[in-house]
Amino acid sequence: MINVVVDFSGSMRPNGKFAIVRNTCVALNMTTKCRFLKWKNKVEDFKIDENFDWFSEFSDKAVISVLCDYVNSIDKNEGESLLILTDGSFPFREKKDLENCLTSLGKYKYAFISIGADSLAKTNLSFCKDKIFTPNDVQLVSEFLLSDEYTVVPQNLDELHFRKHNGENASEENDGDDWE
(Lines give C-alpha, C1' and ligand atoms only; values in the text may rest on other atoms or scores of the structure.)
Protein backbone atom coordinates (compact mmCIF):
# COMPACT_ATOMS: atom_id res chain seq x y z
CA MET A 1 0.00 0.00 0.00
CA ILE A 2 1.14 3.54 -0.73
CA ASN A 3 0.71 6.20 1.94
CA VAL A 4 -0.02 9.34 -0.10
CA VAL A 5 0.69 12.54 1.82
CA VAL A 6 -0.82 15.57 0.11
CA ASP A 7 0.45 19.08 0.81
CA PHE A 8 -2.71 21.13 1.53
CA SER A 9 -0.90 24.40 2.16
CA GLY A 10 -2.06 27.68 0.66
CA SER A 11 0.69 27.62 -2.00
CA MET A 12 -1.03 24.59 -3.54
CA ARG A 13 -4.20 26.57 -4.28
CA PRO A 14 -3.24 28.92 -7.18
CA ASN A 15 -2.43 28.13 -10.80
CA GLY A 16 -4.67 25.08 -10.96
CA LYS A 17 -2.48 23.02 -8.60
CA PHE A 18 -5.51 21.82 -6.64
CA ALA A 19 -6.93 20.31 -9.86
CA ILE A 20 -3.64 18.56 -10.58
CA VAL A 21 -3.61 17.17 -7.04
CA ARG A 22 -7.25 16.07 -7.33
CA ASN A 23 -6.66 14.32 -10.66
CA THR A 24 -3.48 12.64 -9.43
CA CYS A 25 -5.21 11.39 -6.28
CA VAL A 26 -8.23 10.13 -8.23
CA ALA A 27 -5.92 8.28 -10.65
CA LEU A 28 -4.04 6.69 -7.75
CA ASN A 29 -7.28 5.78 -6.02
CA MET A 30 -8.59 4.04 -9.14
CA THR A 31 -5.42 2.04 -9.87
CA THR A 32 -3.58 1.44 -6.61
CA LYS A 33 -4.29 0.59 -2.99
CA CYS A 34 -3.61 3.88 -1.20
CA ARG A 35 -4.14 5.62 2.09
CA PHE A 36 -4.56 9.38 1.60
CA LEU A 37 -3.31 11.83 4.20
CA LYS A 38 -3.80 15.59 4.33
CA TRP A 39 -0.71 17.55 5.46
CA LYS A 40 -1.02 21.07 6.89
CA ASN A 41 -0.48 21.79 10.56
CA LYS A 42 -1.10 18.06 11.18
CA VAL A 43 -1.18 14.90 9.10
CA GLU A 44 -4.58 13.22 9.00
CA ASP A 45 -6.54 10.79 6.84
CA PHE A 46 -8.98 12.00 4.22
CA LYS A 47 -11.29 10.18 1.83
CA ILE A 48 -11.64 10.87 -1.86
CA ASP A 49 -15.29 11.18 -2.81
CA GLU A 50 -17.56 13.51 -4.73
CA ASN A 51 -18.33 15.54 -1.56
CA PHE A 52 -14.70 16.45 -0.81
CA ASP A 53 -14.22 20.18 -1.38
CA TRP A 54 -10.70 20.26 -2.78
CA PHE A 55 -10.44 23.99 -3.38
CA SER A 56 -11.37 25.23 0.08
CA GLU A 57 -9.09 22.72 1.83
CA PHE A 58 -5.90 24.39 0.56
CA SER A 59 -4.95 27.00 3.15
CA ASP A 60 -2.46 27.82 5.89
CA LYS A 61 1.02 26.34 5.91
CA ALA A 62 2.33 22.78 5.62
CA VAL A 63 4.63 22.37 8.62
CA ILE A 64 7.78 20.34 7.90
CA SER A 65 8.20 19.22 11.53
CA VAL A 66 4.68 17.73 11.40
CA LEU A 67 5.57 15.80 8.24
CA CYS A 68 8.77 14.59 9.90
CA ASP A 69 6.83 13.43 12.97
CA TYR A 70 4.55 11.45 10.66
CA VAL A 71 7.49 9.97 8.72
CA ASN A 72 9.18 8.94 11.98
CA SER A 73 5.99 7.20 13.11
CA ILE A 74 5.71 5.03 9.99
CA ASP A 75 6.05 1.29 10.57
CA LYS A 76 8.86 0.62 8.12
CA ASN A 77 8.53 -3.17 8.26
CA GLU A 78 5.08 -3.49 6.70
CA GLY A 79 6.15 -3.30 3.05
CA GLU A 80 4.38 0.00 2.57
CA SER A 81 5.76 3.07 0.83
CA LEU A 82 5.39 6.85 0.93
CA LEU A 83 4.41 9.26 -1.82
CA ILE A 84 4.36 13.00 -1.11
CA LEU A 85 2.53 15.41 -3.43
CA THR A 86 3.90 18.93 -2.96
CA ASP A 87 5.06 22.05 -4.74
CA GLY A 88 8.08 22.21 -2.44
CA SER A 89 7.17 25.67 -1.25
CA PHE A 90 8.57 25.73 2.27
CA PRO A 91 11.26 27.81 3.97
CA PHE A 92 14.76 26.91 2.85
CA ARG A 93 15.88 26.68 6.48
CA GLU A 94 13.55 23.69 6.94
CA LYS A 95 15.21 21.82 4.05
CA LYS A 96 17.85 20.22 6.31
CA ASP A 97 15.17 19.02 8.76
CA LEU A 98 13.30 17.30 5.93
CA GLU A 99 16.52 15.85 4.52
CA ASN A 100 17.46 14.34 7.90
CA CYS A 101 13.97 13.00 8.32
CA LEU A 102 13.89 11.29 4.93
CA THR A 103 17.42 9.88 5.10
CA SER A 104 16.38 8.13 8.32
CA LEU A 105 14.00 6.03 6.22
CA GLY A 106 16.88 3.92 4.92
CA LYS A 107 15.62 1.54 2.23
CA TYR A 108 11.98 2.39 2.89
CA LYS A 109 10.66 3.49 -0.49
CA TYR A 110 9.48 7.03 -0.94
CA ALA A 111 9.01 9.47 -3.79
CA PHE A 112 7.65 12.94 -4.51
CA ILE A 113 5.31 14.20 -7.17
CA SER A 114 6.17 17.80 -7.94
CA ILE A 115 2.98 19.84 -8.38
CA GLY A 116 2.78 22.94 -10.57
CA ALA A 117 4.89 24.73 -13.13
CA ASP A 118 6.24 26.98 -10.35
CA SER A 119 7.20 24.03 -8.15
CA LEU A 120 10.27 24.42 -5.98
CA ALA A 121 10.49 20.67 -5.30
CA LYS A 122 13.59 20.13 -7.48
CA THR A 123 15.34 23.02 -5.71
CA ASN A 124 14.29 22.40 -2.11
CA LEU A 125 14.52 18.61 -2.38
CA SER A 126 17.74 18.38 -4.39
CA PHE A 127 19.12 15.80 -1.95
CA CYS A 128 16.66 13.25 -3.39
CA LYS A 129 16.33 14.51 -6.96
CA ASP A 130 16.12 10.96 -8.35
CA LYS A 131 12.86 10.50 -6.42
CA ILE A 132 11.01 13.57 -7.73
CA PHE A 133 8.50 13.03 -10.52
CA THR A 134 5.73 14.86 -12.35
CA PRO A 135 2.02 14.02 -12.16
CA ASN A 136 2.30 12.46 -15.62
CA ASP A 137 4.54 9.78 -14.09
CA VAL A 138 1.99 8.69 -11.47
CA GLN A 139 1.66 5.14 -12.82
CA LEU A 140 5.43 4.68 -13.08
CA VAL A 141 5.92 5.99 -9.56
CA SER A 142 3.24 3.74 -8.08
CA GLU A 143 4.76 0.68 -9.80
CA PHE A 144 8.19 1.65 -8.44
CA LEU A 145 6.84 2.13 -4.91
CA LEU A 146 4.96 -1.18 -4.94
CA SER A 147 7.70 -3.32 -6.49
CA ASP A 148 9.59 -5.81 -4.32
CA GLU A 149 12.96 -4.75 -5.68
CA TYR A 150 14.79 -1.60 -4.68
CA THR A 151 15.50 0.12 -7.96
CA VAL A 152 16.32 3.57 -9.19
CA VAL A 153 13.74 4.80 -11.65
CA PRO A 154 15.36 6.60 -14.60
CA GLN A 155 14.34 10.23 -15.05
CA ASN A 156 14.41 9.89 -18.83
CA LEU A 157 15.07 7.35 -21.56
CA ASP A 158 18.62 8.64 -22.12
CA GLU A 159 19.60 6.96 -18.85
CA LEU A 160 18.67 3.56 -20.25
CA HIS A 161 21.31 1.63 -22.15
CA PHE A 162 19.77 -0.91 -24.48
CA ARG A 163 21.84 -3.94 -25.49
CA LYS A 164 21.49 -6.19 -28.49
CA HIS A 165 21.22 -9.92 -27.92
CA ASN A 166 25.00 -10.33 -28.48
CA GLY A 167 25.79 -7.91 -25.63
CA GLU A 168 26.84 -4.96 -27.79
CA ASN A 169 25.46 -1.55 -27.06
CA ALA A 170 22.74 -0.99 -29.67
CA SER A 171 23.32 2.75 -29.75
CA GLU A 172 26.95 2.35 -30.89
CA GLU A 173 25.98 1.22 -34.39
CA ASN A 174 23.13 3.69 -34.73
CA ASP A 175 24.03 6.20 -37.44
CA GLY A 176 21.11 8.46 -36.53
CA ASP A 177 18.59 6.94 -38.94
CA ASP A 178 16.07 5.02 -36.83
CA TRP A 179 14.08 3.91 -39.89
CA GLU A 180 16.61 1.55 -41.46
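This section describes the predicted model of a protein chain, from its overall fold to selected helices, one cavity and individual residues.

The structure is a predicted model in which local features require a pLDDT of at least 70 and side-chain atom pairs count only at pLDDT 80 or more, whereas totals for chains, interfaces and linings use all residues. Residues are numbered from 1 along each chain as its sequence is written, and side-chain values use heavy atoms, with hydrogens and water left out.

The protein chain contains six helices and six strands, where helices (H or I, at least four residues) and strands (E, at least two) are DSSP runs numbered from the N terminus. Along the sequence, these elements follow the pattern β-α-β-β-α-α-β-α-β-α-β-α. Of the 180 residues of the protein chain, 43% count as buried; buried denotes under 20% relative accessible area, exposed over 50%, and partly exposed the range in between (1.4 Å probe, protein chains only). The accessible surface of the chain comes to about 10,300 Å², and 48% of this surface belongs to carbon and sulfur atoms. Accessible areas were obtained by the Shrake-Rupley method with a 1.4 Å probe, and for residues only the protein chains shown count as cover. With contact defined as heavy atoms within 4.5 Å, 70% of the contacts in the protein chain between residues at least 6 apart in sequence join residues at least 24 apart.

Two helices were examined for the placement of their buried residues. In helix H6 (residues 138-146), the buried residues are Val-138, Val-141, Ser-142, Phe-144 and Leu-145. Seen down the axis of H6, these residues fall within an arc of 160°, so they line one face of the helix; the arc is that of the directions from the helix axis to the C-beta atoms. The buried residues of H6 pack against helix H1 (17-31) and against four strands, E1 (2-7), E4 (81-86), E5 (110-114) and E6 (132-133). In H4, Lys-95, Leu-98, Glu-99, Cys-101 and Leu-102 are buried. They cover an arc of only 165° around the axis, which puts them on the same side of H4. The cover over the buried residues of H4 includes helix H3 (64-73), E5 and helix H5 (121-124).

A search of the whole structure finds one cavity of 30 Å³ or more. On a 1 Å grid over the protein atoms alone, a cavity is a set of points where a 1.4 Å probe fits but cannot get out, and lining residues have an atom within 4 Å of a point. Grid points are joined across faces, edges and corners, and a volume is the space filled by probe spheres set on the points. The largest cavity holds about 30 Å³ of space and is lined by Trp-39, Leu-67, Ile-84, Thr-86, Phe-90, Leu-98 and Phe-112. Among these lining residues, Leu-98 also belongs to the buried set of H4. By class, the lining has six nonpolar, one polar and no charged residues, with Ala, Val, Leu, Ile, Met, Phe, Trp, Tyr, Cys and Pro counted as nonpolar, Asp, Glu, Lys and Arg as charged, and the others, Gly among them, as polar.

Two aspartates lie within secondary-structure elements. Asp-45 is found in strand E3 (residues 43-45) and is partly exposed, with a relative accessible area of 48%. Leaving aside neighbours within four places in sequence, Asp-45 is in contact with Arg-35, Phe-36 and Leu-37. The C-alpha atoms of Asp-45 and Arg-35, 10 residues apart along the chain, are separated by 7.4 Å. Asp-97 lies in helix H4 (residues 95-103) and counts as partly exposed at 46% relative accessibility. Residues up to four places away in sequence not being counted, Asp-97 touches Ile-64 and Cys-68. A C-alpha separation of 7.5 Å is found between Asp-97 and Ser-65, 32 residues apart along the chain.

Further residues are located in loops. Asn-15, in the loop between E1 and H1, has a positive phi of about 60° although it is not a glycine, and is exposed, with a relative accessible area of 65%. Lys-61, in the loop between helix H2 (54-57) and H3, is partly exposed at 42%. Apart from residues up to four places away in sequence, Lys-61 touches Ser-9, Lys-40, Asn-41, Pro-91 and Glu-94. The C-alpha atoms of Lys-61 and Lys-40 are separated by 5.7 Å, the two residues being 21 apart along the chain. Asn-136, in the loop between E6 and H6, is exposed, with a relative accessible area of 74%.

Technical notes. 1 Å grid on protein atoms, 1.4 Å probe; cavity = no way out; pocket = protein on both sides within 12 Å on 5 of 7 lines; lining within 4 Å.
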